[in-house]
Amino acid sequence: MRPKAKGMTTTYKISGLCDLVSGELVGSDAEISGVADLETAAEGQITFVEKPAEEKFAALIELTHASCLIVPSDAKIETSIPLLHVKNPKLAFAQIAKILHPPKQRQPEIHASAVIAESAKLGKDVFIGAFVCVGENSEVGDGTQLRAGAKIGDNVKVGKNCVLDPNVFVEDNCTLGDNVILHSGVVIGTDGFGFVRGPAKDSCYVKFPQIGTVVIEDDVEIGANSCVDRGALGETRIGRGTKLDNLVQIAHNVQIGERVVIAAQTGISGSTVIESDAVIGGQVGMGDHARVLSGAVIGSQAGVLPGKIVRAGVWWGTPVQPLEDYKRQNAHVKGLGRLKEEVKELKKKLEEKTKS
């Protein structure tokens, strides 16, 4: 007997999902209630396969209990399982998952322990959890959720349908657009790291003013424990549709364009500009005033020197360089041991020849 997925309620016909992703159904029109990966999918669930011709995936297709497989448009598979043919299986899977597993919706509420300034303005259908604080003259848009322990400073504007998870802090004078998601521990608008030292050897550091702001545009998502510093005198801006992973540091006056993706543990120094549609791998470090142009892809653990311009293409290494150059350099480094032995052998022969 095929296993059934637990906790499934709302169901959709594959034909309905087919319309959503502009796909073509081959096989029966089964009911679908959830998504899963190929190995664990149960009856009533849909999964995807990007490379069904590969041996490992072919074997899993034989064993899966899924009620539907999302496969490439040109895939030829012999199976009794209904197939949903699409151009991009992974994208279609994500789109379907979004409607089968929507985010939790909380009923409008203002918890008794919340502290809301009298001058603050709350929109319709907002959720205000336990121990939330909303400061003077701040605005919270319709349908936004401020979960337990979230703190909103003074003169902050939060747009519609945002979700601020527990212990998010948005400091004074910052702006969040619509549909912004800030995961637990995110801090928006803290002071940037800017100090000036006097000429004497024993001079102390004097803090440069950090009185600017942060603007986060619509549909931005920021991962847990990430920090976005306010501008020193101007603004730090994150463009529409940009996604930041956990533990990302964005320094003061950084300008990030639209649809940028930045992976975990990356640090962006002050006044750096990252143009739209760039992709930044994990643990990348960027010096101040660097510029990443649209279409650039920077690999994990790369180092971008201050003032460096990174053009479109794939880049890697420290200091960052085009991928082909990095690969050649890596090959040379790996050959140093062999070269060292060859030099030692040549030196030995030379010494023997000199003695004779």
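Modeller: Some vocabulary before we start: a residue is buried under 20% relative accessible area, exposed over 50%, and partly exposed in between (1.4 Å probe, protein chains only). This is a predicted model, so local features need pLDDT of at least 70 and side-chain atom pairs pLDDT 80 or more, while totals for chains, interfaces and linings use all residues. Residues are numbered from 1 along each chain as its sequence is written, and side-chain values use heavy atoms, with hydrogens and water left out.

Biologist: Is Phe93 buried or exposed?

Modeller: Phe93 is buried, at 15% relative accessible area.

Biologist: How many aromatic pairs are there?

Modeller: The whole structure has 3. Rings of Phe, Tyr and Trp (its six-membered ring) pair if their centres lie within 6.5 Å; planes under 30 degrees apart are stacked, over 60 edge-to-face, the rest tilted. One of the pairs is Phe48 with Phe93, tilted, with centres 4.8 Å apart and planes at 40°.

Biologist: What does that pair tie together?

Modeller: Phe48 is in strand E5 (45–48) and Phe93 in helix H3 (89–100), so the pair links parts 45 residues apart in sequence. Helices (H or I, at least four residues) and strands (E, at least two) are DSSP runs, numbered from the N terminus.

Biologist: And Phe193 with Phe195?

Modeller: Edge-to-face, because the centres are 5.2 Å apart and the planes at 75°. Phe193 is exposed at 72%; Phe195 is partly exposed at 40%.

Biologist: New topic. Which strands are at the edges of the open sheet?

Modeller: E10 (121–122) and E39 (309–310), each pairing on one side only. The sheet has 10 strands, paired parallel. Two strands pair if DSSP finds at least two bridges between them.
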